[in-house]
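Please take a moment with the sequence and the model below, and then follow the explanation from one helix to the cores.

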Amino acid sequence: MGGRASGPPPLPGGALRVWRTLGAVFVLLVFVPPLVLLVSGSLTEPGLPPSPTPQLVPDPVSTVGYRQAVELGGLLRASLNSVLVAVLAVPLSVLVASLAGFAMARLAPRTTATVVAASLVALMVPATALLVPRFAIFRMLGLTDTLVPLIAPALVGTSPLYVLVYYLAFRALPAELYDACLVEDLSPMRTWWRMALPMVRPVTAGLTALTFVLTWSNFLDPLVYVYDRDLFTLPLALRSLSVLDPTNFPVFLAGAVVATVPALVVFVLAQRRFLHHHDPDRNGR
């Protein structure tokens with residue numbers, strides 16, 4: 001088996017930094033203003049008539065909305081439920097997807113083509129088309145009104161897209177690395193763990209962040225499977241706050257801030273991991 005096909009040469013360090021700067025400026029222009037208005041609105045005192053124009057610094061500044069969001073929406077309990085689901089589902093999903101992608105990369109070409117085609121077909125199936133059969137299965141198993149249906153998709157990697165991304169990443173590794181593992185008599189599992197997985201850390205960081213954001217913000221599945229208020233996740237708790245009257249809209253915005261901060265933190269950590277891995281100055285030392 002020959003080495004991987006040569007691709008376009010990597011960008012020089014200066015050009016790479018320019019593109020990173022442009023990307024950072026784009027993100028700032030697109031995402032920061034709504035976040036600023038979100039935080040500003042959450043600091044408005046509840047009970048006051050809505051302002052006709054957005055205010056960057058509300059007068060008076062109040063944190064009452066956060067306290068009422070916790071009391072009325074049960075955000076503390078909902079946050080714990082969301083954290084539990086994310087802590088279990090995200091690592092399991094990434095683990096299963098990486099194993100499946102590695103297995104696909106080591107299959108025979110014809111078998112790989114068949115599996116990739118099946119994965120692409122599965123990607124075209126709308127998620128809503130699976131709600132009824134999934135609900136019937138979980139109800140038959142007595143797992144509705146629990147958090148299990150929210151975690152169970154991680155057992156199959158959550159999405160075929162994650163498996164395909166890992167497949168492409170493992171397939172791009174030089175064949176000589178796999179040959180060296182064979183010479184060292186490493187088992188497939190040890191090859192995956194000791195050689196392949198460390199080589200695709202940026203992919204793992206990106207998919208971990210994506211999986212966390214999608215799991216954290218998942219509204220449809222909790223709405224279908226969870227009925228007990230004590231098992232509500234953050235999206236369901238926010239839904240209960242969204243029905244408040246306009247004078248209490250800062251309470252809903254405060255809940256939205258609480259739900260947004262963890263996703264932002266995970267995204268920033270994943271971005272730092274990805275950029276540091278591809279920094280030519282750091283890697284050249």
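Which residues are buried in helix α2 (residues 64-73)? They are G65, A69 and G73, where buried means under 20% relative accessible area with a 1.4 Å probe and protein chains only. Because these residues cover an arc of only 45° around the axis, they lie on the same side of α2, the arc being that of the directions from the helix axis to the C-beta atoms. An α-helix has 3.6 residues a turn, so residues three or four places apart point the same way. Just after α2, G74 takes a positive phi of about 60°.

This is a predicted model, in which local features need pLDDT of at least 70 and side-chain atom pairs count only at pLDDT 80 or more, while totals for chains, interfaces and linings use all residues. Residues are numbered from 1 along each chain as its sequence is written, and side-chain values use heavy atoms, with hydrogens and water left out.

The protein as a whole has 14 helices and zero strands, both taken as DSSP runs numbered from the N terminus (helices H or I, at least four residues; strands E, at least two). Of its 285 residues, 32% count as buried.

The largest nonpolar core, a set of buried Ala, Val, Leu, Ile, Met, Phe, Trp, Tyr and Cys residues joined through side-chain atoms within 4.5 Å, holds 23 residues, of which Y166, F170, L173, Y178, A196 and V200 touch the most other members. Two or more residues come from each of α3 (75-105), α7 (160-171), α8 (175-183) and α9 (188-199), and α7 gives the most, with seven residues. A second, separate core of 14 residues includes F212, L234, L241 and V251.

Terms used: Buried < 20%, exposed > 50% of the residue type's maximum accessible area, 1.4 Å probe, protein only.
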